[in-house]
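Welcome! Please take a look at the sequence and the structure shown here, and then read on for a guided tour.

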Amino acid sequence: MEQIVILTEKAAEQVKQMMKESGEENVYFRVGVYGGGCSGLSYAMGFEHQKREEDYEFEQDGLRILVDKESALVLKGTTIDYEQGAMGGGFTIHNPNAIASCGCGSSFRTATHAGTPEEC
């Protein structure tokens with residue numbers, strides 16, 4: 001199975017740290033999209049205890065990552081990074097499939113998936 005989402009070393013380390021701090025060290029890291037946001041689709045990341053039938057699973061840097069089949073269509077080739085700045089840190093998502101995004105960068109659309117845009 002080809003890896004759908006790639007985490008940079010910094011992002012993988014941050015996810016592992018978050019898992020450790022929350023006592024969730026033996027769980028999956030789920031990456032997906034859902035309808036909404038200014039541009040129509042929004043990113044979702046979180047911890048998951050169960051793999052679903054519609055999930056793709058792959059491993060990177062000791063993390064078990066899940067992406068559901070529908071999200072995989074718009075996430076293929078996406079890189080997730082973690083950047084630390086003067087105002088704190090945060091994940092940044094670089095999606096080669098996004099053709100438009102909102103100013104905050106958390107909402108996007110692709111040529112084939114418009115999602116369900118909302119007013120900002």
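The report below goes through the sheet, a hairpin, the charged pairs, one aspartate and the aromatic pairs.

## The three-stranded sheet

A word before we start: this is a predicted model. A good place to begin is an open sheet of three strands, ordered β1-β6-β7, in which the pairing is mixed. The edges are taken by β1 (5-7) and β7 (88-94); each has a single partner strand, so one side of each is left without a neighbour in the sheet. On average, neighbouring strands here are turned by 25° against each other, direction ignored.

Strand β6, residues 78-85, pairs with β7 in the antiparallel sense, and seven bridges link the two. Within this pairing, Tyr-82 stands opposite Phe-91 in β7. Helix α1, which covers residues 9-21, lies across β1, β6 and β7 and runs at about 75° to β6.

## The β4-β5 hairpin

Now turn to strand β4 (residues 55-60) and strand β5 (residues 63-68), which run antiparallel and are joined by six bridges. The two strands form a hairpin with two residues between them. In the turn, Asp-61 has a positive phi of about 50°. Along the paired strands, Glu-57 stands opposite Leu-66 in β5.

## Salt bridges

How many salt bridges does the structure hold? There are five. One of them joins Lys-16 and Glu-13, with 3.6 Å between the closest N and O atoms. These two residues are three apart in helix α1, which means that about one helical turn separates them. Lys-16 is partly exposed, at a relative accessible area of 30%, and Glu-13 is partly exposed as well, at 44%.

Another salt bridge brings together the side chains of Asp-55 and Arg-30, at 2.7 Å from N to O. Asp-55 belongs to strand β4 and Arg-30 to strand β2 (residues 28-35), so this pair ties together parts that are 25 residues apart in sequence. Are these partners buried or exposed? Asp-55 is buried, with a relative accessible area of 6%, and Arg-30 counts as buried at 11%.

Glu-57, met above in the hairpin, also has a charged partner: its side chain forms a salt bridge with that of Lys-51 (3.4 Å, N to O). Here Glu-57 counts as partly exposed at 32% relative accessibility, and Lys-51 is partly exposed at 41%. Salt bridges with shared partners also join Arg-30, Glu-48, Arg-52 and Asp-55 into one network.

## A closer look at Asp-68

Asp-68 sits in strand β5. With a relative accessibility of 17%, Asp-68 counts as buried, because the cut-off for that word is under 20%. Which residues does Asp-68 touch, leaving aside its neighbours within four places in sequence? The contacts are Arg-30, Val-31, Gly-32, Glu-54 and Asp-55. Two of these names, Arg-30 and Asp-55, are already familiar as salt-bridge partners.

Glu-54 is 14 residues away from Asp-68 along the chain, and the C-alpha atoms of the two are separated by 5.6 Å. Asp-68 also takes part in a polar contact: its side chain and that of Ser-71 are joined at 2.8 Å.

## Aromatic pairs

Finally, let us turn to the rings. A pair of aromatic rings is described by how far apart the centres are and by the angle of the planes. The count comes to two aromatic pairs. In one, Phe-29 and Phe-47 are tilted, with 6.5 Å from centre to centre and 55° between the planes. Phe-29 lies in strand β2 and Phe-47 in strand β3 (residues 41-48), so the pair ties together parts that are 18 residues apart in sequence. Phe-29 counts as buried at 4% relative accessibility, while Phe-47 is partly exposed at 29%.

The other pair takes us back to the sheet. The ring centres of Tyr-82 and Phe-91 are 5.1 Å apart and the planes stand at 70°, so this pair is edge-to-face. Tyr-82 counts as buried at 13% relative accessibility, whereas Phe-91 is partly exposed at 26%. As noted for the sheet, Tyr-82 stands opposite Phe-91 in β7, and the strands β6 and β7 pair in the antiparallel sense.

Technical notes: Residues numbered from 1 in each chain as written. Predicted model: local features only at pLDDT ≥ 70, side-chain atom pairs only at ≥ 80, totals over all residues. Heavy atoms only, no water. Pairing = 2+ DSSP bridges. Helix = DSSP H or I, 4+ residues; strand = E, 2+ residues; numbered from the N terminus. Axes fitted to C-alpha atoms, helices over the stretch in contact; angles between N-to-C directions. Contact = heavy atoms within 4.5 Å. Salt bridge = Lys/Arg side-chain N within 4 Å of Asp/Glu carboxyl O. Buried < 20%, exposed > 50% of the residue type's maximum accessible area, 1.4 Å probe, protein only. Polar contact = N/O pair within 3.5 Å; in protein donor to acceptor, adjacent residues only side chain to side chain. Phe/Tyr/Trp six-rings, centres within 6.5 Å; stacked < 30°, edge-to-face > 60°.
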